Structure formats: C-alpha cells, structure tokens
Amino acid sequence: MNELTQKEGQNKWYKNEQGNWCRKGDEPDLEKSKLRTAEAIALLGKYKNTGLSPEQIKKMDSLYLEKCREVTALRKRLEWIPVEERMPALYESVVVCDEKGAFAIGRYFRSGWSISNVLNHRIIAWMPLPEPCGPTEYTIGGCYENE
C-alpha cells in the first residue's frame, strides 16, 4: 500500500497548512472557499429568520414531497392514452378524442366504440373520466363538499 507521501503518477501528497492531505495541483482555492462559506452563512441566516423549528421545516418538507407525488399521479391520470398504446377496459366509460381534436364521453366494447356525441372521425386517444365530486352541492363554477 502506498503512503500518502509517495508519488502517485506525477503527483505528490503533502499536508497543507490546515493539516489536510492534498495532492500537488489539487490545492483548494481559498477565495472560492471563502465565498461558499459566506453563501452558506447567508442561507443559514434566512433559515433562522423563518421562525420555524427544524422539526417544522422537516414536516413542511415531508408535506411538500407528498403533494408533489399527488400532483405527479394526477398529471399521469390526465394524460391522453393513444389507442395504439392500449385500449380502456371493456365497458369502461372514458373521454375519447378524435383525429380532429373533438372529444366526447365514450365506452369501449368488443365491437368498437359507443360514443355519446357523434364523432365523424377516427378515435385516436382516450383518458379516464375524472373522479366524481362525492357528496356535493353543485355551483356554476364546480362543486364543493357539504359541511
């Protein structure tokens, strides 16, 4: 096993002024190091000024991650699925889109599509229907849960 003071290729190892082992040519840039330290102190100051405890920050981070996963799942659910890729389950009601961009509610049967509106073009994609609102009252802008 080589000692740190022995040659490794063209480089020699030595102990710098701070007592750290370095290879010649790999000395740290002191100015960049000071700048990174100053940036880290500034960021820590911002953290300290939030008024939140480390536990609260961890909880907030955990909730944020959970919401990101929910958004990702929702986006995946709302993507159009090309009929060449796969068809919906038999008898499942879905939103369908034709080659002209028109869409309607349709249901897939072994014999083909049954569509609520008459689309005169070939179906090229589909997506699942959104989840129903649940126990709700309906408004012009949508729905909200009863309290």
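This report describes the fold, the sheet and the side-chain pairs of a predicted model.

## Overall make-up

The protein chain holds 2 helices and 10 strands. Along the sequence, the elements run β-β-β-α-α-β-β-β-β-β-β-β. Three strands therefore come before the helices, and the remaining strands follow them.

The protein chain has 147 residues, and 14% of them are buried. Its accessible surface is about 12400 Å². Carbon and sulfur atoms contribute 55% of that surface. Among contacts with a separation of 6 or more, 34% join residues 24 or more positions apart.

## The five-stranded sheet

Five strands form an open sheet. Their order is β4-β8-β5-β6-β7, and the pairing is antiparallel. The edges belong to β4 (81-82) and β7 (112-115). Each edge strand has a single partner, so one side of each lacks a neighbour in the sheet. In general, strands of a sheet pair through backbone hydrogen bonds.

One of the pairings joins β5 to β8. Strand β5 covers residues 93-98, and strand β8 covers residues 123-128. The two run antiparallel and share 5 bridges. Within this pairing, V94 faces P128 of β8.

## G106 inside strand β6

Strand β6 spans residues 103-109 and includes G106. Is G106 buried or exposed? G106 is buried, with a relative accessibility of 3%. The cut-off for buried is under 20%, so G106 meets it.

Which residues does G106 touch, beyond its neighbours within four places in sequence? The contacts are E92, S93, V94, V96, W113, S114 and I115. Several of these can be placed in the sheet. V94 and V96 fall within the residue range of β5, while W113, S114 and I115 fall within that of β7. In the strand order, β6 stands between β5 and β7. V96 is 10 residues from G106 in sequence, and their C-alpha atoms are 6.0 Å apart.

## Salt bridges

The structure holds 4 salt bridges. One of them joins E70 and K67, with an N to O distance of 3.3 Å. Both residues sit in helix α2 (residues 54-77). They are 3 residues apart, which is about one turn of the helix. E70 is partly exposed, at 42% relative accessible area. K67 is also partly exposed, at 45%.

K76 and E79 form another salt bridge. Their closest N and O atoms are 3.7 Å apart. K76 is exposed, with a relative accessible area of 57%. E79 is partly exposed, at 41%.

R122 bridges to E84, again with closest N and O atoms 3.7 Å apart. R122 lies in the loop between β7 and β8, and E84 lies in the loop between β4 and β5. The pair therefore ties together parts that are 38 residues apart in sequence. R122 is partly exposed, at 47% relative accessible area. E84 is exposed, at 61%. Salt bridges also link E84, E99 and R122 into a network.

## Aromatic pairs

There are 2 aromatic pairs. One of them is formed by Y91 and F109. The geometry is edge-to-face. The ring centres are 5.4 Å apart, and the planes meet at 65 degrees. An angle over 60 degrees counts as edge-to-face, so this pair qualifies.

Where do the two rings sit in the chain? Y91 is in the loop between β4 and β5, and F109 is in strand β6. They are 18 residues apart, and the pair links distant parts of the chain. Y91 is partly exposed, with a relative accessible area of 47%. F109 is partly exposed too, at 27% relative accessibility.

## Cysteines

How many disulfides does the structure hold? The count is 0. A disulfide is a covalent bond between the sulfur atoms of two cysteines. C68 is partly exposed, with a relative accessibility of 29%. C97 is buried, at 12%. The residue number of C97 places it in β5, which covers residues 93-98.

Notes: Residues are numbered from 1 along each chain as its sequence is written. This is a predicted model: local features need pLDDT of at least 70, side-chain atom pairs count only at pLDDT 80 or more; totals for chains, interfaces and linings use all residues. Side-chain values use heavy atoms; hydrogens and water are left out. Two strands pair if DSSP finds at least two bridges between them. Helices (H or I, at least four residues) and strands (E, at least two) are DSSP runs, numbered from the N terminus. A salt bridge is a side-chain nitrogen of Lys or Arg within 4 Å of a carboxyl oxygen of Asp or Glu. Buried means under 20% relative accessible area, exposed over 50%, partly exposed in between (1.4 Å probe, protein chains only). Contact means heavy atoms within 4.5 Å. Accessible areas come from the Shrake-Rupley method with a 1.4 Å probe; for residues, only the protein chains shown count as cover. A disulfide is a pair of cysteine sulfur atoms within 2.5 Å. Rings of Phe, Tyr and Trp (its six-membered ring) pair if their centres lie within 6.5 Å; planes under 30 degrees apart count as stacked, over 60 as edge-to-face and the rest as tilted.
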